[in-house]
Structure formats: C-alpha cells, structure tokens
Amino acid sequence: MKTTLITIFILFSFQSFGQIKDSDLKPLPLPDFVIESNEIIYREIIEIEGTKENLHSTGLKSISDLYRSSKSVIDLNDVESGTIVVKGNLPMTLESYYVFMGYKPTTTTYIVSHTLTIESKENRIRVTITNFKFESAIDMNGTLELNSKIDKQYIDKFKTLKNSNNLKKPEIATLHAMSLILNSLDITVDELMKDILKNYKNSKNDDWQ
C-alpha cells in the first residue's frame, strides 16, 4: 500500500497521546532553505587550482568515496563539459515518537534520494544537491511504503499548519514530524556537501560564469 508521508504521520499521531507532553511535540524552526524552481537547493561554488580534467577526476573520486557503488549511481559523466550527475541515496536519522505501538521515543534511519551535480571548469567547481525525496518502508503485517517529495510545497504545508489556529493534537504531531524531517535533511545534506568538498583544497567564490 502506498501513501504520502504526511498521511502516515497523521496515522501515527493518533496513537497514545497520553504518554507524551505537548512540549515534546513543539515544532523546530525551519532552516533557511534556498529554493529555485520550487526545489530546495544546496549549492557551493569553489575556487580551486587545477585543470577542468583534473577537477573532474577529483569529483569522480569523491563520488566513489561516498557511494558504495559509484557506477550504479552516476547518471551522467561528461568529461568534455566537466559535468557529473549522480542519482543517489543517503541515510537520514530521525528521533521521534511516531511508531505504531505506544509512542516510545525511537531512532529510525530513513533514506533520502537526491540528485548531485558536480561541474568542473578551469580552477573552479560547482556542486549542487537537489531533488530530494524522503523514502522508507515499515513492516507491519506487510510493507507500508512512504515516498514524499521534499520541495516548496512540503515547506508550504508546514507553514500552513503552523499558521493555523486551534490545531488538534494529531495536526501538531504532524507539524512536529515535518519539522524533524526538514531539519534532519539540512544537517544530513550539509555533511554530504562537506564530504564531497574535502577532496579539494578550496576557497569559496559565488561567481559562476
């Protein structure tokens, strides 16, 4: 059975509210996401000494270091243009109360699919990470699949809930869960970006021409 992430969290939220305090469900402030064409965007432009070809090779090494099977995740490897596109997955850990049995605090690792693009020019690289989806499967008399795109609509849904008056407790629980997802995404992707860039000796430059 397939359904959206929001629906699942609402289902979770009807379980055993007496075991948790309202303060436990307080939503976290959202990160200051950059959004382009409705998508959450993480991007770094780095000045670094090297030819386009050498920097392209370093990008391939970074991907090989970060993904178990780099060949299977590379969607494009264009040496001439200096462009690498990766369709990858990364783990994201959430600590929440949203389990079917009893609302006990639990730590769960989910998967965030994403698109990573590394572009190389003479003495410069640009790294972009976007197209995020939150994916998981929970076994409970079968498999329950979650698949939700994390984009501007997802953030707008959070803001709509947050700005509503007289929210019921299941809605507050959903709001809390969404804030955990968005903040965990920010931390996880920031770490990914750092891991990509550690193979380069770099200095930032916001200009890409």
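Select K61 and D65 to begin: these residues are four apart in helix 2, and about one helical turn separates them. Helices here are DSSP runs of H or I with at least four residues, strands are runs of E with at least two, and both are numbered from the N terminus. The model on screen is predicted, so local features need pLDDT of at least 70 and side-chain atom pairs count only at pLDDT 80 or more, while totals for chains, interfaces and linings use all residues. Residues are numbered from 1 along each chain as its sequence is written, and side-chain values use heavy atoms, with hydrogens and water left out.

Now display the side chains of K61 and D65, which meet in a salt bridge with an N to O distance of 3.0 Å; the term stands for a side-chain nitrogen of Lys or Arg within 4 Å of a carboxyl oxygen of Asp or Glu. K61 is partly exposed at a relative accessible area of 45%, and D65 is partly exposed as well, at 48%. In this scheme buried means under 20% relative accessible area, exposed means over 50%, and partly exposed lies in between, with a 1.4 Å probe and protein chains only.

Next, widen the selection to the whole of helix 2, residues 52–66, whose 15 residues reach 21 Å from the first C-alpha to the last, close to the 21 Å expected at 1.5 Å a residue. That expected span is 1.5 Å times one less than the number of residues in the helix. Which residues of helix 2 are buried? They are L55, H56, T58, G59, S62 and I63. Because these residues cover an arc of only 160° around the axis, they lie on the same side of helix 2, the arc being that of the directions from the helix axis to the C-beta atoms.

Move on to helix 4, residues 152–162, where D156 and K152 are four residues apart and thus separated by about one helical turn. D156 forms a salt bridge with K152, and the closest N and O atoms are 2.9 Å apart. Both partners can be coloured by accessibility: D156 counts as partly exposed at 29%, and K152 counts as partly exposed at 33%. From there, select D190, E191 and K194, which are joined into one network by salt bridges that share partners.

The tour then turns to strands. Select strand 2, residues 34–36, together with strand 3: they pair in the antiparallel sense over three bridges, where pairing requires that DSSP find at least two bridges between two strands. V34 stands opposite I41 in strand 3. In the hairpin of these strands, which has two residues between them, look at S37, which takes a positive phi near 50°. Strand 3, residues 39–47, is mostly covered, with seven of its nine residues buried.

With the hairpin still in view, show the side chains of E36 and R43, which meet in a salt bridge at 3.3 Å, N to O. E36 is partly exposed, with a relative accessible area of 37%, and R43 counts as partly exposed at 35%.

Finally, select everything. A search of the whole structure finds eight salt bridges, and the protein chain has five helices and nine strands, which run β-α-β-β-α-α-β-β-β-β-β-α-α-β from the N terminus on. Buried residues make up 45% of the 209 residues in the protein chain.
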